[in-house]
Amino acid sequence: MKFNYKNKKITGILSIVPKNFKTFDSEMDNYKADKKRTERLKLVMGFDKHHLVEDGVTVSDLAVFGLEYLFAEKFLRKEEIGALILVTESPDYFLPPTSNVIHGRLNLPTDILCLDINQGCAGYIVGIIEACSLIEQLNKKIVLINANILSRKTSKQDRNSYPLIGDAAAITIIEKISAEESIQGEIKMDGSGFNLLMIPAGGFKMPSTAETAIMHDDGTGNLRSLDNLVMQGKEVFNFVQTEVPPLIESVINSAGLSKDKIDYYLFHQPNKFMVEKLADEIGVPYEKMPANIVTNFGNASSVTIPLNITFNLGEQLLQNKFQVCLAGFGVGLAWGAMVLNIGNFNFCKTIYF
């Protein structure tokens, strides 16, 4: 699917990160692996620390905290909101929708549309597509919330997944403007690879039971249950390196640009190794494609793109403007990218919950 939205603009991004964090070194004894091999893994993958929510904290808590901050700082007013879109893989409940929970906790006006979207690594791209589509009808600001607390569903004894998982949320404001701006790109899906990144148990297909909670060794020393996140790392890596570069090429060409005209490539960050290999494959310098989010925060799925923006560009975006390429890829399988101008924001920062 290709898309091209005119007169739409991101006007602010706020990332919300838990204060609580764990270092890779402090958790090394969790893993059944040679210490030297684990140290090499740390260096290659970029593991250092990951931020994790405290017990009892949910996606709605992070979202409400962030929105209350925006209201208090006068960056957003309740009556300006046309829709509340939440993209998450870790909702508070099966039902009601967590966006409605957020709406109720903040006592928002009843004419605001609430919408939950179950998407992962490409969820920031999907969320912007949905926001740009809705804004034509609503003609108000769209609040896009990306939030995940997947650490709760990841085995602490799985060195392939747990060290890279982090918890976080981000709030992006999208508005309709009169100036000539465009957001254009492409997104693709391949459901035949749904099992390459998944949590097998917990839904109606395989309800959680005492049996699904039993921990098993995967044959390489990683312990996890069917209730935990499982990733087929090699297959996911090959998918990203094979499918994402031609998509980026297509999106940039469709925008009438060349790779050197893009100031920054702000991509989803599964780990440092994968991002740097992707930069090599696409042919862009590392300084244009940051790979430091997992190192500093952990991978919170779709949140890594807006967190990438607030952490690496931050206050520069209050006065400056950049041509960027955003891309997300992973669970689903789904992969998407877009080219747009970002900058002259009303706010762009990271706060701690």
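A pocket is an open set of points on a 1 Å grid over the protein atoms alone, with protein on both sides within 12 Å along at least five of seven lines, and its lining residues have an atom within 4 Å of a point. The structure shown in these figures is a predicted model.

**Figure 1. The second largest pocket and its lining.** The volume of this pocket is about 370 Å³. Its lining is made up of 17 residues. Leu 41, Met 45, Asn 160, Met 231 and Gly 233 are those nearest the centre of the pocket. Three helices, α1 (35–45), α5 and α6 (272–282), each contribute at least two residues to the lining. Helix α1 gives the most, with four residues. Sorted by class, the lining of the second largest pocket holds eight nonpolar, six polar and three charged residues.

**Figure 2. The largest pocket and its lining.** The space in the largest pocket comes to about 1300 Å³. It is lined by 48 residues, and those closest to its centre are Glu 89, Asn 118, Leu 150, Met 198 and Ile 199. At least two lining residues come from each of β6 (113–117), β10 (197–198), α5 (233–254) and β15. The lining of the largest pocket has 26 nonpolar, 16 polar and six charged residues. Helix α5 can be followed from this view to that of Figure 1, as α5 also supplies at least two residues to the lining of the second largest pocket.

**Figure 3. The salt bridge between Arg 105 and Asp 61.** The model has 12 salt bridges. In one of them, the side chains of Arg 105 and Asp 61 meet with an N to O distance of 2.8 Å. Arg 105 belongs to helix α3 (residues 98–105) and Asp 61 to helix α2 (residues 59–72), so this pair ties together parts that are 44 residues apart in sequence. Arg 105 has a relative accessibility of 43% and counts as partly exposed. Asp 61 counts as buried because its relative accessibility is 17%, and the cut-off for buried is under 20%.

**Figure 4. The salt bridge between Lys 321 and Glu 181.** The closest N and O atoms of Lys 321 and Glu 181 are 2.7 Å apart, and the two residues form a salt bridge. Lys 321 is in strand β15 (residues 321–330), while Glu 181 is in the loop between β8 (168–176) and β9 (182–189); the pair links distant parts of the chain, 140 residues apart. With a relative accessible area of 42%, Lys 321 is partly exposed. Glu 181, with a relative accessible area of 8%, is buried. Glu 181 appears again in Figure 6, as one of the residues that line the largest cavity.

**Figure 5. A network of salt bridges that includes Arg 77 and Glu 79.** Salt bridges link Arg 77, Glu 79, Glu 80, Lys 141 and Glu 175 in a network. Within this group, Arg 77 forms a salt bridge with Glu 79, and their closest N and O atoms are 3.0 Å apart. Arg 77 counts as partly exposed, at 45% relative accessibility. Glu 79 also counts as partly exposed, at 48% relative accessibility.

**Figure 6. The largest cavity and its lining.** The count of cavities of 30 Å³ or more comes to one. About 30 Å³ of space lies inside the largest cavity. The residues lining it are Lys 8, Lys 9, Ile 10, Glu 181, Ser 182, Ile 183, Leu 340 and Asn 341. Strands β2 (8–17), β9 and β16 (334–343) each provide at least two of the lining residues. Strand β2 gives the most, with three residues. By class, the lining of the largest cavity has three nonpolar, two polar and three charged residues.

**Figure 7. The largest nonpolar core and the surroundings of Ile 174.** In soluble globular proteins, nonpolar side chains tend to be buried together. The largest nonpolar core of this model has 35 residues, and Ile 128, Ile 174, Leu 326 and Ile 342 have the most contacts inside it. Helix α4 (residues 123–138) gives the most to this core, with nine residues. Outside its neighbours within four places in sequence, Ile 174 is in contact with residues that include Ile 128, Ala 131, Cys 132 and Ile 135. Lys 9 and Ile 10 are also among the contacts of Ile 174, and both of these residues line the largest cavity. Lys 141, a member of the salt-bridge network in Figure 5, is in contact with Ile 174 as well. Another core, of 31 residues, lies apart from the largest one; Ile 262, Val 275, Val 284 and Leu 333 are among its members.

Terms used. Residues are numbered from 1 along each chain as its sequence is written. This is a predicted model: local features need pLDDT of at least 70, side-chain atom pairs count only at pLDDT 80 or more; totals for chains, interfaces and linings use all residues. Side-chain values use heavy atoms; hydrogens and water are left out. A salt bridge is a side-chain nitrogen of Lys or Arg within 4 Å of a carboxyl oxygen of Asp or Glu. Buried means under 20% relative accessible area, exposed over 50%, partly exposed in between (1.4 Å probe, protein chains only). On a 1 Å grid over the protein atoms alone, a cavity is a set of points where a 1.4 Å probe fits but cannot get out, and a pocket is an open set with protein on both sides within 12 Å along at least five of seven lines; lining residues have an atom within 4 Å of a point. Grid points are joined across faces, edges and corners, and a volume is the space filled by probe spheres set on the points. Ala, Val, Leu, Ile, Met, Phe, Trp, Tyr, Cys and Pro count as nonpolar, Asp, Glu, Lys and Arg as charged, and the others, Gly among them, as polar. A nonpolar core is a set of buried Ala, Val, Leu, Ile, Met, Phe, Trp, Tyr and Cys residues joined through side-chain atoms within 4.5 Å. Contact means heavy atoms within 4.5 Å.
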